[in-house]
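Visitor: Please take one part of this model and look at it closely, residue by residue, before placing it in the rest of the chain. I would like the cut-offs behind each term to be spelled out as you go.

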Amino acid sequence: MYFILVLFISFSFNQNFNYSSEDWFTISNPGYITSISLAGEEVLFSAENGIYSYNKYTSELLFLEDFVRNFETKSFHMIHYDVFRDYLWVLTEENISYKPYSSTFWRTIDFYELDLNNHYSILNLGSNSEYLFINLGSDIL
């Protein structure tokens, strides 16, 4: 009987913690920075270990875990924010991925669709009001 009473009291005062994603703060080592892009009040950094954001007004540096969660690779070679379309473009070893800035779903363009073998031939990404530009050095797509 005493055992059941102790068990009941321990279950009554036992705390079962529920956490949300806002309860956690991720600290990571970005490694070397591969590119920088400006998105409004944020400066976006692609690095060898992820994508980071620096807020110019709050001076806060954040690891953008939501941006890289669905990628198999953690090596990001280039990032470009397209201000005309509010799209984020990311060059990885496997493909070029893009999404609306506020979205969570990434779409991809494989290199074979662009008649390219790998990411090494892409020197830069850029955009204007009509197009996204892929600088190949000797040619622009």
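Guide: The place to begin is S97, which is buried, with a relative accessible area of 1%; buried here means under 20% relative accessible area, exposed means over 50%, and partly exposed is what lies in between, with a 1.4 Å probe and protein chains only. This is a predicted model, in which local features need a pLDDT of at least 70 and side-chain atom pairs count only at pLDDT 80 or more, whereas totals for chains, interfaces and linings use all residues. Residues are numbered from 1 along each chain as its sequence is written, and side-chain values use heavy atoms, with hydrogens and water left out.

S97 lies in strand β7, and strand β7 covers residues 95-100. Strands (E, at least two residues) and helices (H or I, at least four) are DSSP runs, numbered from the N terminus. Leaving aside residues up to four places away in sequence, S97 touches F71, L88, W89, V90, W106, R107 and T108, where a contact means heavy atoms within 4.5 Å. The side chain of S97 also makes a polar contact, at 2.9 Å, with the side chain of N95. Such a contact is a pair of N or O atoms within 3.5 Å; within protein, one atom must be able to donate a hydrogen and the other to accept it, and residues adjacent in sequence count only if both atoms are side-chain atoms.

The partner in that contact, N95, belongs to strand β7 as well, and N95 counts as buried because its relative accessible area is 11%. With residues up to four places away in sequence again set aside, N95 touches V90, T108, I109, D110 and F111. V90 and T108 therefore appear in the list for N95 and also in the list for S97.

Elsewhere in the chain, the loop between β5 (76-82) and β6 (87-92) holds D86, a residue that has a positive phi of about 60 degrees although it is not a glycine. D86 counts as partly exposed because its relative accessibility is 32%. A search of the whole structure finds 1 salt bridge, a term that stands for a side-chain nitrogen of Lys or Arg within 4 Å of a carboxyl oxygen of Asp or Glu. That salt bridge joins the side chains of D82 and R85, with 2.4 Å from N to O. Side chains of opposite charge can pair when their charged atoms come close. As for the two partners, D82 is buried at 0% relative accessibility, while R85 is partly exposed at 29%.

A second residue with a positive phi is D115, whose phi is near 60 degrees and which is likewise a residue other than glycine. D115 is located in the loop between β8 (107-110) and β9, and D115 counts as exposed because its relative accessibility is 73%.

Two further residues add to the picture of buried positions. L64 sits in the loop between β4 (60-63) and α2 (65-68) and is buried at 15% relative accessibility; its contacts, not counting residues up to four places away in sequence, are with L44, I51, Y52 and S53. L64 and I51 are 13 residues apart in sequence, and their C-alpha atoms are 5.6 Å apart in space. G50, in strand β3 (residues 50-55), is buried at 0% relative accessibility.

For the chain as a whole, the secondary structure comes to 2 helices and 10 strands, in the order α-β-β-β-β-α-β-β-β-β-β-β from the N terminus on. Buried residues make up 35% of the 141 residues.

Some caution about confidence belongs here. The chain averages a pLDDT of 84, and 82% of the residues score at least 70; pLDDT is the predictor's confidence in each residue, from 0 to 100. Among the elements, helix α1 (residues 2-13) has the lowest mean pLDDT, 64, and strand β9 (residues 124-127) the highest, 94. Where pLDDT is low, the predicted coordinates should not be read in detail.
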